[in-house]
Structures are given as C-alpha cells and as structure tokens.
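Good morning, and thank you for coming. Please look at the sequence and the structure as they appear, and keep both in view while I speak.

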Amino acid sequence: MNAAAESSFLRTLLERGFVHQISDLAGLDREARDGRITAYIGFDCTAPSLHVGSLVQIMMLRWLQQCGHKPIVLMGGGTTRIGDPSGRDETRRILSEADIEANKAGIASVFSKFLTFGDGPTDAVMIDNADWLLKLNYIEFLRDVGRYFSVNQMLTFDSVRLRLDREQPLSFIEFNYMILQAYDFVELARRYGCVVQMGGSDQWGNIVNGIDLGRRMGTPQLYAITTPLITSASGAKMGKTAKGAIWLNPDLLTPYEYWQFWRNTEDADVERFLKLFTILPLPEIRRLSALQGSEINEAKKVLATEATALLHSREEAEQAAETARKTFEQGTLAETLPTVAIPQSVLDGGLGILTAFGPEFAGLVPSTSEARRQVKSGGLRVNDRTVTDERAQLGPADLTPEGVIKLSFGKKRHVLLRLA
C-alpha cells in the first residue's frame, strides 16, 4: 500500500510492509497522530504454542506500543470452543476446556518477550473473550446482536464462500464464529475504548463485520488493519517447513533451530524479513539488503540473530550464532546443537539409519521414505560421513569421543544423538 501517514505508528507499519488493507487510513491516522489509541489482535488457543506465522501480528502490537499506544492481546478462550473456519477445508477439532486452558498458558508466555504488560496508559493487557462470551444468554444475543447480520452477506465472506465452493461442510457452530468475533470488537470498544482490530488478510471480512456491528450498536468509529499473507519468495507459507511448524515456544523448537530457520531465508526475502521481523533501523536494513553475492549471508546471520534475540534473548541468539559458526565454519562438534536422548538398549540392538533420521528420533526428515530418498541423493551424513547404505544401523561404535552421534541433513541441519 503506497500512502503517506503522519502518525508514527501508521508510518512505521507502512514503511516496514505490515499493511495490506486499512479501513479508513486518513481517519485512523488522525486519531493515532492526535492521541493515544487502543488496538487488539485475537489469538485462538488451538495449539500449545503460536508459530512464526503469527509473528507479523505480534510485531504489529510491539510497534503499536513503541509508538505510544496501548495493545490488547485477546485470548480466544471462548471462540476456541467454536473454531474459526477461515482458510480451512474442515471443521476444527473441538477441544476440551482443559486443553484450551493449557494451550492458552503456552501461548500467553510468548507475549512478554515483545510487550510490556502493566497498569500504565500504554502498557499491554491480556484479556480472554471467555469473560463475556460464556455468559451470553442465547435468546438475548440473537435479539440484540444477531438481528444485525444478514445471512446473504455472510455467505459472501471468504471464510464461508471458499468452503462452500469446495463443497466442504460448514457447521452451524462455525457459521456463528464471525458473529462472535464482531461482538468481541464491540465489547472491547465498550470496556476498554479499543478502536482498532488488526489481523491477517483472511480476517478482513470478520473485522469489517465488527466495524459495522459497532456502528449499529452505537460505539465510536472503529477501524481495521490487516497484514499481507507472508510467504517466501518461492511461495512457501510462512511458518511451515518439511520438519513441521516453526513454533515460538522453546520447549517445542530450540533457540538454535529457530536461529537456523531465519538463517536459511531465501536471498530475495532478506530485506522484507528484516523490516517485518527485526527492530533494526531502516537505513541499516537498506545497507544489509544491498550486500551482493556471498555477502548476503552476513545479512541473513544478522536477521537470524536479531529475530532470535527478540524471542529468546540476546544471549540465546548469540549462542546459537556461535554454535552455527563452530559447526559450519570450523567444522567442530558444537555441544549446543539440538540433542535427542536415546536409550542404551536401542543403540545396543542396532538403530536403523532411516529410523534414526526420521520423526521418531532426530526428526531431520518427515518419514523413512524421505530418508531413503535422501540416502540415494547423498543428503544424509553420520559423524560428517555420507550415508550410502539405507540398511545401515547405528550402534555403540558410532559414538564419538564426546559420547554422541552427529546426524546431518544437508549442510545446515544437525542433531546429536546422546545416550539417555
């Protein structure tokens, strides 16, 4: 979006590439320039951690606070019981209350790395929409809120239309999701003076629904900001790799693996990702992005270290960078590589090479069939020696003097097997 903004918040978002759509740029810019605004993003509790695909929204909340405004993190303890149909071909699995609470705790832990929480005017607050959604009286809700929604219009929204176009079932409970999300916006406007909802581009229809509901129910003017769908230059969806999701919680993905994810950024994505996922000044980003040839790898290392420092701490980021340097530049065995414990009995009995690289142990490849394919192409190594026999087995003799077996997939992904 090419547009000028006077407020530091919108100017930052526009310059760094966060904006896909804004419902009223001039109006919101005026409010953000002349006073303090409150904005929110909702996060349903469908998994024990958010993954890197949610990071662009988290960074928007961070910039909101850095520019002197107030962020609200809305946890979907209520809406998770329904399930957002956006971008899905099938109904989400209904989670138990215990699962939702456990997931909420895991997700909540990430935000303190990016935001300052407290009671101050620009301090972030975390709220659960279960606080009001679980108390709704169904008949009253239909009368007071549901009457403002047109089924004809709801059928035109992407979250519904695309599901129906693909002849996939859409349950009545999912159909209600957009009404609840719209009501969240109104409730936050009433309770906290929140005037902006932010989210991914797939949420545009739901957010605009909330703006319209607020107008009908007498709130002040509400606004929408959505981010573009973040994909790599090759078209891969952000947050997904052959190994699985790039989780934000360290118990699901180590800081070293997180660093490696950013280090492996495609050349064409370096400038865009530095703008979105670091807080480096734009002149420094332009300098790094101008590097040519093999020097672009230095920019990727900066991206990896800065992104990891935001999430895991500067110390963890620098340790990950040093581990990579020792492993790749010096060829030494870095003890801080990801480690998987294996029982002595498994090694004594012989551990098949395909199984060792697969999801049950190292997780360097998604399946034994993929491991077999990589053996044929020379992509797997044990203790820096290329694997040539798919029937080979690992045993005690493969342990290095450090008491580990180093498994490698390509040049950049390594896991140590260590006796439990």
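I shall discuss two pairs of packed helices and then several individual residues.

This is a predicted model, in which local features need pLDDT of at least 70 and side-chain atom pairs count only at pLDDT 80 or more, while totals for chains, interfaces and linings use all residues. Residues are numbered from 1 along each chain as its sequence is written, and side-chain values use heavy atoms, with hydrogens and water left out.

Let us begin with the helices. Two packed helices are described by the angle between their axes and the distance between the axes. Helices (H or I, at least four residues) and strands (E, at least two) are DSSP runs, numbered from the N terminus. Axes are lines fitted to C-alpha atoms, for helices over the stretch in contact, and angles run from 0 to 180 degrees between N-to-C directions.

The first pair is helix α13, residues 270–277, and helix α14, residues 282–289. Their axes lie 9 Å apart, and the packing angle is about 155 degrees. That makes α13 roughly antiparallel to α14; angles under 35 degrees count as roughly parallel, over 145 as roughly antiparallel, 65 to 115 as roughly perpendicular and the rest as oblique. The crossing of α13 and α14 is right-handed, meaning that the near helix is turned clockwise from the far one by less than a right angle.

Which residues of α13 meet α14? They are Glu-271, Leu-274 and Lys-275, and their partners in α14 are Leu-282, Ile-285, Arg-286, Leu-288 and Ser-289, where contact means heavy atoms within 4.5 Å. The residues of this contact comprise four nonpolar, one polar and three charged. Here Ala, Val, Leu, Ile, Met, Phe, Trp, Tyr, Cys and Pro count as nonpolar, Asp, Glu, Lys and Arg as charged, and the others, Gly among them, as polar.

The second pair is helix α12, residues 255–263, with α15. These two pack at about 140 degrees, with their axes 8 Å apart, and are therefore oblique to each other. α12 passes α15 in a right-handed crossing. The residues of the contact of α12 with α15 divide into eight nonpolar, four polar and three charged. Among them, Trp-259 and Trp-262 belong to α12, and Leu-303 and Leu-311 to α15.

Following α15 (296–312), one finds Ser-313 in the loop that leads to α16 (314–330). Ser-313 has a positive phi of about 105 degrees although it is not a glycine. Is Ser-313 buried, exposed or partly exposed? With a relative accessible area of 29%, Ser-313 is partly exposed; buried means under 20%, exposed over 50%, and partly exposed in between (1.4 Å probe, protein chains only).

Now consider Asn-383, in the loop between β11 (380–382) and β12 (385–386). Asn-383 counts as buried because its relative accessibility is 15%. Its side chain reaches the backbone oxygen of Asp-398 at 2.8 Å. Not counting residues up to four places away in sequence, Asn-383 touches Asp-398, Thr-400, Val-404, Ile-405 and Lys-406.

Lys-406 itself lies in strand β14, residues 404–409. At 4% relative accessibility, Lys-406 counts as buried. Lys-406 and Leu-337 are 69 residues apart along the chain, and their C-alpha atoms are separated by 9.3 Å.

Finally, Leu-164 is placed in helix α8, residues 158–165. Leu-164 counts as partly exposed, at 41% relative accessibility. From Leu-164 to Pro-121 there are 43 residues in sequence and 44 Å in space, C-alpha to C-alpha.

Conventions:
A polar contact is a pair of N or O atoms within 3.5 Å; within protein, one must be able to donate a hydrogen and the other to accept it, and residues adjacent in sequence count only if both atoms are side-chain atoms.
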